[in-house]
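Please open the model in your viewer and keep the selection panel at hand. The tour below moves from one selection to the next.

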Amino acid sequence: MRAALTFAMVTIVVLAQTTVVNRLPFDWVAGPDLVVAAVVVVALTTGPAAAAGCGFAAGLALDALPPAEHTLGTHALLMCAAGYVVSLLYRNTGAPGGLDSRVSAWTALGVTAVTALGMGLSFAAIGLLTGDPGVDLTDAAVTVALGTLATVIASPLVVLPILWTRNAFAEIDFATVQGPMTPRGW
Amino acid sequence: MFRDSSRSRLTLLALVAAAVVLLVLDGRAGTDPVTGTARAGAELAFAPIADGVSRVTGPVATAYEGVRQGPGAAERIAELEEANAGLESELRSAELDEGRAEQLEDLLHLSGLGGYEIVPAQAITHVTSQGYEHTATLDAGTGSGVEKDMTVVNGRGLVGKVVQAGARTSTVQLATDHSSSVGARLEGSGKIGVVGGARVPGAPEADLTYELFDMEAQIEPGDRIVTLGSHEGAPFVPGVPIGTVEEVHVSPGALSRVAAIEPAVDHASLDAVGVVVGGPDDDPRDSLLPPEPDPEGDR
């Protein structure tokens, strides 16, 4: 139930990103990246492997859906790595004790901001390293800054519903589970 | 410190490997069956949803415009009164405009344009999430006869070229994209050059720059530029207005002259565009040349 709901919500976020956010009639250099926010929330509430899988799938969808024109696989690779790293770091450092600790909304929003910045930087770095003529240092700095800002502003729209869903259904599914197990996973 | 099960690491490894394989496959020249199928599949899912969003957001966008313009209504009345006075005087200069229209027509005929078949389409996305590509998605695809490497125009001039065509949508690389380059020539003299979206070193800041190969050529602000045209009309058909020269930049020792171009099309607010799907029966290549060959013979 939880996995199916999460899958549906991430799918909706990916489609919303490509069909709604990308058509907003503003002349910005970079728009908000809602998919990063969705992947971060999933990564915070699941294990590294599942987070990497979720990131890969969402990134691949972003790569394939129009109007993406970059090399297929770029987003998939970066999102997969982002999901894995966020989940691994949070599991090993962030959650005190790891028992029954709910991910707070502020944590999720903060991690989203950091991850969005990281994604922007990695995207720009890939562009610079592969000699993409569209990327130069000043442009990239502005794009990364504005993109991160836009993502931070828009991310509560995505983070809060998904986080709520994942926390709420974890409670119902695992309410009867006793013992030192953390009710995480898909 | 960062403990993780080996199975989880294996999963990550497999996913990263898959992503790298995709990167390599798609990075190679030509269309790859795997990535091509992935894009076609994604496009199948995208088209109906984008249609739906268009239908839903149409009224919302109209309402938003209405609300946004509400407070400015008083200003608008003053503005309209002023415009009315302006129009009255403009009426007198209508003859001038007629002359301009004739010039444009002549310009198009000179390039051998005419008899092109155009599929109308609407731009449904404008920005990409990372913001480095200048692309737009159109709501017309191979079902309407749109193919890769077709010219996209609107009522004012050149928009770009089709880089990907799916069944119901297609992706257009705008002329202002950094990797876009369009063969172009000056309206009057026919001097050829390249119009691109990339920043030319030492050139003024502009959405479009025009690099003229002939150092001796006369080029002045206000000169208009049209497409030169490619063989078989792909990717660019001849004679489509690109823009007006805004500023000419001469740098000592450079091999070409560079001019900043004011695009004929407002690329930030694309709406209705046309994809040129059919060229004239004859190869337009030679009809591009003006009747009188240039004595300098630098073409």
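The stops that follow begin with a pair of helices and go on to a set of strands.

This is a predicted model, in which local features need pLDDT of at least 70 and side-chain atom pairs count only at pLDDT 80 or more, while totals for chains, interfaces and linings use all residues. Residues are numbered from 1 along each chain as its sequence is written, and chains are lettered from A and ligands numbered from 1 in the order in which they are written.

Select residues 2-19 and 34-44 of chain A, which are helices α1 and α2 (DSSP runs of H or I, at least four residues, numbered from the N terminus, as are strands, runs of E of at least two). Their axes lie 8 Å apart at an angle of about 165° (lines fitted to C-alpha atoms over the stretch in contact, with angles from 0 to 180 degrees between N-to-C directions), and α1(A) and α2(A) are therefore roughly antiparallel (over 145 degrees). On the α1(A) side, show A:Thr6, A:Val10, A:Val13, A:Val14, A:Ala16 and A:Gln17, which meet A:Leu34, A:Val35, A:Ala38 and A:Val42 of α2(A) (contact requires C-beta atoms, placed from the backbone, within 7 Å).

Next select residues 158-165 of chain B, strand β4, where eight of eight residues are buried (20 or more other C-beta atoms within 10 Å of the residue's own, all placed from the backbone). Strand β3(B), residues 151-153, runs antiparallel to β4(B) and is joined to β4(B) by three bridges (pairing requires at least two DSSP bridges), with B:Val152 opposite B:Gly160.

Finally, add β5(B), residues 170-174, which pairs with β4(B) in the antiparallel sense over five bridges; B:Gln164 stands opposite B:Thr171 there, and a hairpin of four residues joins β4(B) to β5(B).

Notes: Buried ≥ 20, exposed ≤ 12 C-beta atoms within 10 Å, placed from the backbone. Parallel < 35°, antiparallel > 145°, perpendicular 65-115°, else oblique. Contact = placed C-beta atoms within 7 Å.
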